Structures are given as structure tokens and as C-alpha cells.
Amino acid sequence: MINLPKNLHAAYFDVDGTLTKSNIVEPLMFIKKQLLSPSMYKLWKAVLPFRFIYWTVLDKINREMSTASIYRQYKGITVEEMTTLQYQCYEENYKKKHYSKAFETVHSFKEQGTQIVLVSGSLDIFLQPLATELDAALIATCLEIKDGIYTGEITGRAVSGKQKAELVNEHAHKNQLNLENCASFGNSTDDIPMLCSVKYPVAINPDRGLISIAKKNNWDTLIWS
């Protein structure tokens, strides 16, 4: 358990690994399975382990580049197709995988009047239903659209690392929130800049890198399942 001040201005939450047991590859697999023929999906999936190795190695070098590489797999999919599958994808890859303690914490914050903000590298189209369900603001990665078709490129930059901290600062400034009266929750080394940007950082199910920083800075640490 943690003891945070009541009536915080805002609580900023990472999603994958923090609120839900999810990652950015599973929604891609779901979309490909729905849109490709069985034979084409089988072929695409057969190559996936090699792509996954590449993405994992690239992630250790530069998460933003790894994320961009994964999202190029959406190239050629229409907005209509993605919109049709939006809620089904959310149900399968996020809602069914949420940590119950995470949602209890979110609702507890809401009862205190704290604004909830989701800050994630996952795609905005899949997280919008979650943001709606939690009555939360959403800061997420967006894909570029041209003539109703996804180009596979990211609009602006992926919501990752230092970019998360910058976007949290922008959100707080725009909404006249004092980050000295805000909390943030994250699970990975990538979340460290965001966690450092607020007065009350909380490490959730932390990876090895985050555990080290959390211990060094005496941050609260929780395991949600």
C-alpha cells in the first residue's frame, strides 16, 4: 500500500504493464488476423518471431525506433477497417487484461477529484475506449493517415521516454496543474522520465532498470496482478 496525499491535481498512468497486462504487438496481431486471409496470416505470423527478435534488440538501443518499426506493419490498412475493429481489439487486448488493483486505484483517485491521464506508446485508437471508460484524458501515439489509409508512419513522435515527460509537462501547463501535486505510475525504464517529472512517482511491477532507480530514490513500489 502507498500513502499519497488526497486531492492530487492529476495522476498520470502508463498503460502497458501498469494498468493492463498488454503490449503493443498483441493488438497488431489481432488486426492482422482479422484482415488477412488465413493463409496470409499464417505466413505473416511465421515471420513474426524474427521480427520480434529484431524489435527486442532495437528496443534496447532505442525504444522510439522499435515502436516506429512495429507500427509500420499497419501500412495500407484503412481507417474504416481499424475503426470497425477498434472496440473488439480493446476488449481482447486491454479490457480482459486489466489489473483489478489498478482500476481500484484509478477509481479511488476519481472519487477524490483527481484528474486521470493515460500516457502510453500504444495507439490512441485502441486506448480511446479505455480512456472513455475511466473518464481519463489520453496522451498516446497516433498513426499518420492519408486519403483514409494508414501510412504506417507515426504522427509526430512516439510517446516514449523523455517524450512522455515533455507531454506530461505540456498537459500540466495547459490545464494549470502543479506537478508538485501530481503522481505518476509506470512499470519500465522507459517511464523513468515521466516518473521523475512529478512529486509522487510510483513504480508498478517494475523491470530491472526501474527497480534500481526506485530503490535509489526511495520511490513507492507496488506489484499489481
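**Hairpin.** I began with β4 and β5 in this predicted model. The two strands form a hairpin, and 2 residues lie between them. In the turn I looked up D147, which has a positive phi of about 55°. Strand β4 covers residues 143-146 and strand β5 covers residues 149-154. I noted that they pair in the antiparallel sense, over 3 bridges. For one opposed pair I wrote down K146, which stands opposite I149 in β5.

**Sheet.** Next I traced the open sheet of 6 strands. I read its order as β3-β2-β1-β6-β7-β8, and the pairing is parallel. Which strands stand at the edges? I found β3 (137-141) at one and β8 (220-222) at the other. Each has a single partner strand, so one side of each lacks a neighbour in the sheet. From one strand to the next I noted an average twist of 20°.

I then checked how β3 is held to β2 (residues 115-123), and the two strands run parallel with 5 bridges joining them. Within this pair, I139 in β3 has V119 opposite.

**Helix on the sheet.** I looked for what packs on the sheet and noted helix α5, residues 100-111. The strands α5 touches are β1 (10-13), β2 and β6 (182-186). Its direction makes about 160° with that of β1.

**α5 and α6.** I followed α5 to helix α6, which covers residues 124-134. Their axes come within 11 Å and cross at roughly 50°. At angles between 35 and 65 degrees a pair is neither roughly parallel nor roughly perpendicular, and I therefore entered α5 and α6 as oblique to each other. On the α5 side the contact is made by F103, V106, H107 and K110. On the α6 side I listed L130, E133 and L134.

**α2 and α3.** I took a second helix pair, α2 (residues 38-61) and α3 (residues 63-71). How do their axes cross? I have them within 6 Å of each other, at roughly 150°. Angles over 145 degrees count as roughly antiparallel, and α2 and α3 are therefore put down as such. From α2, the residues that meet α3 are Y54, W55, L58, D59 and I61. From α3 I noted R63, M65, S66, S69 and I70.

**N187.** I looked up N187 and found it in the loop between β6 and α8 (192-196). Is N187 buried or exposed? Its relative accessible area is 14%. The cut-off for buried is under 20%, so I entered N187 as buried. Leaving aside neighbours within four places in sequence, I listed its contacts as D14, D16, G17, T18, I204, N205, P206, D207 and L210.

**Whole chain.** Last, I took the totals. I have 9 helices and 8 strands for the chain. The radius of gyration is 18 Å, close to the 17 Å that the globule rule gives for 225 residues, so I noted the chain as being as compact as a globular protein of that length. Along its principal axes, the C-alpha trace spans about 55 × 30 × 30 Å. Of the 225 residues, 50% count as buried. The chain exposes about 11,600 Å², and carbon and sulfur atoms supply 52% of that. Among contacts with a separation of 6 or more, I noted that 63% are between residues 24 or more positions apart.

Methods. Residues numbered from 1 in each chain as written. Predicted model: local features only at pLDDT ≥ 70, side-chain atom pairs only at ≥ 80, totals over all residues. Heavy atoms only, no water. Pairing = 2+ DSSP bridges. Helix = DSSP H or I, 4+ residues; strand = E, 2+ residues; numbered from the N terminus. Axes fitted to C-alpha atoms, helices over the stretch in contact; angles between N-to-C directions. Contact = heavy atoms within 4.5 Å. Rg over C-alpha atoms; globule rule 2.2 N^0.38 Å. Buried < 20%, exposed > 50% of the residue type's maximum accessible area, 1.4 Å probe, protein only. Areas by Shrake-Rupley, 256 points an atom, 1.4 Å probe, with all protein chains shown as cover. Parallel < 35°, antiparallel > 145°, perpendicular 65-115°, else oblique.
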